[in-house]
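Trainee: I have the sequence and the model open, and I would like to look closely at just one part rather than skim the whole. Please choose a place to start and lead me through its surroundings step by step, with the reasoning spelled out.

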Amino acid sequence: MAKNGKYRHRRGKLPKFENPPAWQEKIGEAKGSYFGLSTTELGREFASFKIQKNTAEAGIKEMNTQMEALSQLIVERLEDGDLEAIELANGIKVGIKDEPYTSIEDQKKFYAWIKKTKQTGLLKINFQTLNAMTKEMIITGKKNPPGTKVFMKTSAKVTGIKNSEEEEDK
């Protein structure tokens, strides 16, 4: 098979990527069960896991669709009953979670505000930073930056699930 790829010429010239040590340790343990396999057998195993992963990801997408449908119905019912949460017999609580999301609607207005308020560090802003900044402004009663639009996503949340850690679903 040909040795190609648009970055192939840089292999060995850039530092090698390193996984986080804890994960690399788990990878090292997993590699032990494959040492006796030929390259073709390794390729077959890798392809098999890729197919399984694609199938699992498709299943997760479907789960997300079902969970969003349930979330919307739960929010509607709780709001209709003027409730914030219910507790199930097993101690798990299902309630409402409000989460603001920000988008830039008018870049010119937003950039003008950045320059006017001398916050040029925000010119390289990413979504998470903009969202966090806007959430703080909402909490403190300030208006969101000009040129942005804030949406409120109200969804169901679950608390009290006892497994490796408490889970909160969107």
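Mentor: Let us start with K118, which is exposed because its relative accessible area is 72%, well on the far side of the 50% that a residue must exceed to be called exposed. Keep in mind throughout that this is a predicted model, and that every value I quote is computed from it. K118 sits in the loop between α3 and α4, and its backbone has an unusual entry for you to note: phi is positive, about 55 degrees, although K118 is not a glycine.

Stay in that loop and move along to L123, which also lies between α3 and α4. With a relative accessible area of 38%, L123 is partly exposed, because that value falls between the limits of 20% and 50%. Once residues up to four places away in sequence are set aside, L123 touches Y111 and I114, so follow those two names into what comes next, as I114 belongs to the core and Y111 to an aromatic cluster.

The largest nonpolar core has 8 residues, namely F110, W113, I114, L122, I125, L130, M133 and M137. Two helices, α3 (107-116) and α4 (127-139), each supply at least two residues of this core. To see how one member is placed among the others, select M133: leaving aside its neighbours within four places in sequence, it is in contact with W113, L122 and I125, and also with P145. Of these partners, W113, L122 and I125 are core members themselves, whereas P145 does not appear in the list of the core.

Now turn to the aromatic rings, which deserve a slower look. A pair of such rings is described by two things, the distance of the centres and the angle of the planes. How many aromatic pairs does the model contain? The count comes to 2. In one of them, the rings of F110 and Y111 have their centres 5.9 Å apart and their planes at 50 degrees, so this pair is called tilted, because the angle lies neither under 30 degrees nor over 60. In the other, F110 and W113 form a stacked pair, with 6.1 Å from centre to centre and 25 degrees between the planes. The two residues of the stacked pair both lie in helix α3, 3 residues apart, which is about one turn of the helix. F110 takes part in both pairs, and F110, Y111 and W113 together form one aromatic cluster.

Is each ring of that cluster buried or exposed to some degree? F110 has 0% relative accessibility, so it counts as buried, and W113 is buried as well. Y111, by contrast, counts as partly exposed because its relative accessibility is 29%, which is above the 20% under which a residue is called buried. Recall that Y111 is also one of the residues touched by L123, the partly exposed residue of the loop where we began.

To finish, cross to helix α4 and compare two of its residues that are not in the list of the core. N131 is found in this helix, and at 6% relative accessibility it counts as buried. Not counting residues up to four places away in sequence, N131 touches P100, Y101 and T102. K135 lies in helix α4 too, but at 25% relative accessibility it counts as partly exposed. Under the same exclusion of sequence neighbours, K135 touches E99 and P100, so P100 is a contact that N131 and K135 share.

If you retrace the path, then, you go from exposed K118 to partly exposed L123, on to the core to which α3 and α4 each contribute at least two residues, through the cluster of F110, Y111 and W113, and finally to N131 and K135 in helix α4.

Key: Residues numbered from 1 in each chain as written. Predicted model: local features only at pLDDT ≥ 70, side-chain atom pairs only at ≥ 80, totals over all residues. Heavy atoms only, no water. Core = buried A, V, L, I, M, F, W, Y, C linked by side-chain atoms within 4.5 Å. Buried < 20%, exposed > 50% of the residue type's maximum accessible area, 1.4 Å probe, protein only. Helix = DSSP H or I, 4+ residues; strand = E, 2+ residues; numbered from the N terminus. Contact = heavy atoms within 4.5 Å. Phe/Tyr/Trp six-rings, centres within 6.5 Å; stacked < 30°, edge-to-face > 60°.
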